[in-house]
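These are my notes from going through one model. I looked up the ligand sites and then a few residues and elements.

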Amino acid sequence: MAKRALITGIRGQDGAYLAKLLLEKGYEVIGGDRRSADADYWRLRYLGIEKEVRLVYIDLLEFNNIYRVIEKYKPDEVYNLAAQSFVQVSFEQPILTSEVNALGVLRVLEVIRQVNPGIKFYQASTSELFGKAKEIPQNEETPFYPRSPYGVSKLFGYWITRNYREAYEMFAVNGILFNHESPLRGLEFVTRKITWGLARIKYGLQDKLVLGNLEAKRDWGYAPDYMEAVWLMLQAEEPDDYVVATGEAHSVREFVEQAAQVCGFKLYWEGEGLEEKGIDAKTGKVIVEISSEYFRPAEVDFLLGDARKIREKLGWKPKTSFSKLVEIMMEEDLKRVASERRA
Ligand code: NAP
Ligand code: F7E
């Protein structure tokens, strides 16, 4: 019989790619979606799976709702991807962020414990746990030092998952995923903001791109590669926690430079700090500016992951390089903007 998986956060980037992967593996996929006035399943549509996923309302704020869904659909595996996932917003909405990202995880675990502790559980943990990192690179043993309400809320999610594993012998695991991006990334995150913004500048729909801290460095991978790792974690013999990363870090500045190159701009920089500008040498126009609006009250300066454990134990490794990732995202946004312009 086909395995049945419940994915919370089905409408997000990872929910869509994970659903596609599980469908390809023959799973029946239940997609948990919180109610929204203008629900648009554009990511599922983009991947051609909108009709293949059974959508159900599930909100991590409501215990009874989670209970009824899990009791009714009896999934073999639950992938908890739902979250208030934008770090910047977590400084403005720390309580909501914690309700969803911390207590929300506990609600799902508690339902599983009550309904059927044999259900396997995946928690979407994050490299933001390392925050002001205590060592470079970071692995499963690196101490945590979160730097935002988002990171702190995810710390609870991480520990409560481990605690349920240890206390009730549940198959509950944490994937500590470093940043992973794709053409399905939300527009508020820096990578997609850059590729979408540059494409619009290229086609004359926008004058410039306004960014924050160009020096922040991230270990950026490709989301579909990372969803393979997520699935593998629930297929392992024993429940355990794993770092998922590429082992290569790049700055926001490098991301802009590479994307600008794919886009056909010849970018150079002038000035410093908030006065710095990115100029296209071909036209002499300023296409990148800096604003304090996009700086965070506490920043995560540099993250670099060491994914040796998952490579050695589960045989996972990333397939997509940084330059390929930038190219995939940039080219897709150029296509999208070109067709938006034709429409
Ligand atoms: P995303 O695109 O923001 O998707 C998160 C989804 O969660 C959204 O569809 C959102 O619904 C839903 N959600 C928010 N609050 C909810 C609630 N109260 N109840 C039910 N659903 C709710 O995030 P993602 O990039 O796919 O990331 C997936 C998960 O991995 C998140 O938990 C994130 O924190 C974590 N993570 C992401 C990365 C990364 O680099 N992408 C790295 C490490 C960990 P709406 O669509 O209605 O807003
Ligand atoms: O920022 C800097 C910003 O918002 C990356 C989430 O998926 O990954 C993501 O969190 C860096 C930061 O992602 C802008 O200051 C500069 O240093 O794309 P981001 P994030 O904060 O790393 C982790 C692993 C998660 O778990 C999260 O859910 O880029 N930056 N200028 C900017 N960031 C944004 N958003 N916008 C700017 O204009």
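**Entry: shell of ligand 1**

I looked up which element gives the most residues to the shell around ligand 1, and strand 5 does, with three. The model is a predicted one. Strand 5 covers 120–126, and it is joined by helix 1 (13–24) and helix 6 (149–168) in supplying at least two shell residues each. I counted 24 residues around ligand 1, and the closest are Asp14, Arg34, Ser85, Tyr150 and Lys154. Sorted by class, I have 10 nonpolar, eight polar and six charged residues in this shell.

I then went through the polar distances to ligand 1. Tyr150 places a polar side-chain atom 2.6 Å from an oxygen atom of the ligand. At Asp14 the partner is a polar backbone atom, 2.8 Å from an oxygen atom of ligand 1. For Arg185 I noted a side-chain N or O atom 3.2 Å from a nitrogen atom of ligand 1. On its own, ligand 1 has 900 Å² of accessible area, of which the protein covers 88%.

**Entry: shell of ligand 2**

I repeated the lookup for ligand 2. It has 23 residues around it, and those that come nearest are Ser85, Thr126, Tyr150, Arg296 and Glu299. Ser85 and Tyr150 are also listed among the closest to ligand 1. The class count for ligand 2 is 10 nonpolar, six polar and seven charged residues.

Which side chain has an N or O atom 2.5 Å from an oxygen atom of ligand 2? I found that it is the side chain of Arg296. Thr126 has a polar side-chain atom 2.7 Å from an oxygen atom of ligand 2, and for Asn179 I read 2.8 Å, again from a polar side-chain atom to a ligand oxygen. The protein buries 96% of the 690 Å² that ligand 2 exposes when taken alone.

**Entry: helix 1**

I went back to helix 1, one of the elements that line ligand 1. I checked its length first. Its 12 residues, at 1.5 Å a residue, should span 16 Å, and I get 17 Å between the end C-alpha atoms, which agrees.

Is helix 1 mostly enclosed or open? I found 10 of its 12 residues buried, so the rest of the structure largely encloses it. The buried set is Gln13, Asp14, Gly15, Ala16, Tyr17, Leu18, Ala19, Leu21, Leu22 and Leu23. Asp14 in that set is the residue with the backbone atom 2.8 Å from ligand 1. I also noted that residues three or four places apart on an α-helix point the same way, because there are 3.6 residues a turn.

I listed what the buried residues of helix 1 pack against. The strands are strand 1 (4–8), strand 2 (28–33), strand 4 (77–80) and strand 7 (180–181), and the helices are helix 2 (42–46) and helix 8 (223–235). After helix 1 comes Gly26, with a positive phi near 90°.

**Entry: Asp241**

I found Asp241 in the loop between helix 8 and strand 11 (242–244). Its relative accessible area is 4%, so I put it down as buried. The side chain of Asp241 makes a polar contact of 2.8 Å with that of Arg165. Beyond four places in sequence, Asp241 contacts Glu140, Tyr158, Arg162, Arg165, Val173, Asn174 and Lys309.

**Entry: His250**

I placed His250 in strand 12, residues 250–251. His250 is buried too, because its relative accessible area of 12% is under 20%. I noted two side-chain partners for His250: Glu248 at 2.6 Å and Glu254 at 2.9 Å. With residues up to four places away left out, His250 touches Ala216, Lys217, Arg218, Trp220 and Phe322.

**Entry: Val190**

I looked up Val190 last and found it in helix 7 (residues 190–202). Is it buried or partly exposed? With a relative accessible area of 29%, Val190 is partly exposed. Apart from residues up to four places away, Val190 touches Leu211, Trp220 and Val252. Trp220 is also on the list for His250. I also took the C-alpha separation of Val190 and Tyr226, which is 19 Å for residues 36 apart along the chain.

Conventions:
Residues are numbered from 1 along each chain as its sequence is written. Chains are lettered from A and ligands numbered from 1 in the order in which they are written. This is a predicted model: local features need pLDDT of at least 70, side-chain atom pairs count only at pLDDT 80 or more; totals for chains, interfaces and linings use all residues. Side-chain values use heavy atoms; hydrogens and water are left out. A residue is near a molecule or strand if one of its heavy atoms lies within 4 Å of it. A polar contact is a pair of N or O atoms within 3.5 Å; within protein, one must be able to donate a hydrogen and the other to accept it, and residues adjacent in sequence count only if both atoms are side-chain atoms. Accessible areas come from the Shrake-Rupley method with a 1.4 Å probe; for residues, only the protein chains shown count as cover. Helices (H or I, at least four residues) and strands (E, at least two) are DSSP runs, numbered from the N terminus. Ala, Val, Leu, Ile, Met, Phe, Trp, Tyr, Cys and Pro count as nonpolar, Asp, Glu, Lys and Arg as charged, and the others, Gly among them, as polar. The expected span of a helix is 1.5 Å times one less than its number of residues. Buried means under 20% relative accessible area, exposed over 50%, partly exposed in between (1.4 Å probe, protein chains only). Contact means heavy atoms within 4.5 Å.
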